[in-house]
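The following exercises concern pockets, cavities and helix packing in one protein model. Each task is followed by a solution in steps.

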Amino acid sequence: MNEKEKYLKVLSRQYPTVDSVIAEIVNLKAIINLPKGTEHFLTDIHGEWEQFSHVLKNGSGSIRTKIEEVFGSRETASVKKSLATLIYYPKEKLQKIKQTETDLEDWYSVTLHRLVEILRRVSSKYTRSKVRKAIPDSYAYIIEELITEKEELNDKQAYYNNIIQSIIQLGAADTYIETFCNLIQQLVIDHLHIIGDIFDRGPGPHKILDKLLDYHSLDIQWGNHDVVWMGAASGNAQCIANVVRLCARYNNLDVLEEGYGINLTPLVTFCMKYYGHMDRAAVHRAITIIQLKLEDQLIRKNPQFQMNHRLILDKIDWEKGTIVIDGKEWKLNSTDMPTIDHKNPNKLNEDEEAVMARLTYSFAHCEKLQSHVRFLFNKGSLYKVYNGNLLYHGCMPLDSEGNFLEANIYGKVCRGKALYDELESWARKAYFGREGSPEKEMGGNIMWYLWEGPRSPLFGKDKMAVFENMFIDDKEASKEKKNHYYNDIENVEIVDKIMNEFRVDPATAHIINGHVPQEVKKGDSPIKCGGKLLIIDGGFAAAYHEKTGIAGYTLVCNSYGLRLVVHEKFTSAQDVIDRDSDIVSDTIQVEKFPSRLYVADTDAGVQIKEQIEELQDLLKAYREGQL
């Protein structure tokens, strides 16, 4: 028996009769002729939980579009706005409506009918099976009845009215409204891509990850701010110090203490001892010094990282109050570094060792953080090819000639796609490696290198100027030089070369990445190289709003084309509920497809076509008596 016959025999257990094979072939052929589902791309969320949550709820404006398509001039603008708010925040909006509505039963009836119409529209591109799986079991039968046209009924309206009136009379209207609204939210976004940087700056990365844990369909491309947290959870001391420093810098220590339950008491006590106070500034300075020492040690142990230019602690002239960096002397604004031994500047003292031991224990034993990081490993990667597009967070490291930069990863010289693959392999060893093994430690070092290494595809700069930002007032010292990638992204030849490296078609593909906020108010455009490359970091985090002039982008890819949604600043969920306001968004059409795309044109469609071929072989085997 050859391999094909063996496979058909296994397949026959799932489809034991000719009729079952035919039914599945018919089903699969129908599926590939449905319109392609809508993909949403978000990047650089940076802990902005409330805005992120709202963008998911409103589908980047898609729900408002559906409401307009269904009701048009049939309903007033205020009715349509109120309906949109109800869909976004059903529980909260219901409570508000009950306080003012005089004829609640009539409102229930009208609203349920409206929601059914919207639900029919948003579910129309999916199979009944897929919609059914999205509906909670206890509501499946009734919701299917309401959203499925029944041509055989002479009086359909009476049939639907009877179902809705029964729901109201039985006191279940609130529950069904909430279920309808949540289902509409889910069906508007078929698949979500998070292109890096969930963590840091904003106050709610843990809440974002809690939401994503239960999301129906998504993938994640790790950002540098993600891998530093992942490295911290893996036990790398340099990553742990960076995570604590960033939380202190952006006034987000609550994320560690309340969001994840990380015990910062030893660090606070340490600050009191050495700095005489224990405010955020003291925590920031204390952990920065620890971080700089630890990084100095790591760089010396890993010469292949080629980061000797960042060995700077031994370049301080304590008497003159200066430091030499890259051959240039800079004046320090302070030499208040009480834990640095001038003769052994990178050596942690006993108290620093104790602080790091306690922090490492807390990170390793925080179950919530560990569950979030396991999720990031399970759903994430450094890059992804999806439906013919290439997704990554940062860049493809290039030299001045536009060639792929090489990096030495523990003796293996890699560049291009191979560099991505090798770095990801070591990142996974950092987390899943055997405790205490050399591989786990080496993988942890790579996690840190991904965070700030000059040839890291997630960082893309020559240095991370942590010391300079804290101790040198001259801003020239803090300048970080970007990788040549950012100078070459309008070069068609180079962009096509990157696409070819990842085996995507330059004629149709797009590179979609984030990492660098686009300063729209200065004329930056996220659309690069004639639309071949899209940098969709529009400053989602509040810390960037002033710099970019907007509050983030969402890229939406549906069956008709690609459009970029430009978000204005989000006020609050409560403001939406109270005033029926929304994020004001503009839409830029990036590309209109020559013809509408169907499931057959997607990665899933390719797999389904392969299934159809296998089933046709099985059908032939049945009919010819081979099985």
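**Exercise 1. State which helices each supply at least two residues of the lining of the second largest pocket, and describe that lining.**

Step 1. The helices that each contribute at least two lining residues are H2 (18–31), H8 (128–134), H11 (173–188) and H27 (603–623). Helices (H or I, at least four residues) are DSSP runs, numbered from the N terminus. The model is predicted, so local features need pLDDT of at least 70 and side-chain atom pairs count only at pLDDT 80 or more, while totals for chains, interfaces and linings use all residues. Residues are numbered from 1 along each chain as its sequence is written, and side-chain values use heavy atoms, with hydrogens and water left out.

Step 2. H27 gives the most to this lining, with five residues.

Step 3. The second largest pocket has a volume of about 760 Å³. On a 1 Å grid over the protein atoms alone, a pocket is an open set of points with protein on both sides within 12 Å along at least five of seven lines, whereas a cavity is a set of points where a 1.4 Å probe fits but cannot get out; lining residues have an atom within 4 Å of a point. Grid points are joined across faces, edges and corners, and a volume is the space filled by probe spheres set on the points.

Step 4. Of the 30 residues that line the second largest pocket, Tyr126, Lys130, Asp190, Val599 and Ala604 are the closest to its centre.

Step 5. By class, the lining has 11 nonpolar, 12 polar and seven charged residues. Here Ala, Val, Leu, Ile, Met, Phe, Trp, Tyr, Cys and Pro count as nonpolar, Asp, Glu, Lys and Arg as charged, and the others, Gly among them, as polar.

**Exercise 2. Describe the largest pocket by volume and lining.**

Step 1. The volume of the largest pocket is about 980 Å³.

Step 2. Arg201, Lys461, Glu480, Tyr544 and Lys547 are the closest to its centre among the 39 residues that line it.

Step 3. Two or more lining residues come from each of the helices H13 (224–233), H14 (237–249), H17 (280–301) and H22 (466–471).

Step 4. The lining of the largest pocket divides into 14 nonpolar, 10 polar and 15 charged residues.

**Exercise 3. How many cavities of 30 Å³ or more does a search of the whole structure find, and what lines the largest cavity?**

Step 1. The search finds three such cavities, and the largest cavity holds about 110 Å³ of space.

Step 2. Its lining consists of Gln291, Leu292, Glu295, Asp296, Ile299, Arg310, Ile312, Leu313, Glu452, Met464 and Val466. H17 gives the most to this lining, with five residues.

Step 3. Six residues of the lining of the largest cavity are nonpolar, one is polar and four are charged.

**Exercise 4. Classify the packing of H12 with H19 and of H19 with H20.**

Step 1. Two packed helices are described by the angle between their axes and the distance between the axes. Axes are lines fitted to C-alpha atoms, for helices over the stretch in contact, and angles run from 0 to 180 degrees between N-to-C directions.

Step 2. H12 (residues 205–213) and H19 (residues 367–379) pack at about 55°, with axes 10 Å apart. H12 and H19 are therefore oblique to each other. Angles under 35 degrees count as roughly parallel, over 145 as roughly antiparallel, 65 to 115 as roughly perpendicular and the rest as oblique.

Step 3. His206, Leu209, Asp210, Leu212 and Leu213 of H12 make the contact (heavy atoms within 4.5 Å) with Lys368, His372, Phe375 and Leu376 of H19. These contact residues divide into five nonpolar, two polar and two charged.

Step 4. The axes of H19 and H20 (residues 416–432) come within 11 Å and cross at roughly 150°, which makes H19 roughly antiparallel to H20.

Step 5. From H19, Gln370, Val373, Arg374 and Phe377 meet Ala427, Arg428, Tyr431 and Phe432 of H20. This contact comprises five nonpolar residues, one polar and two charged.
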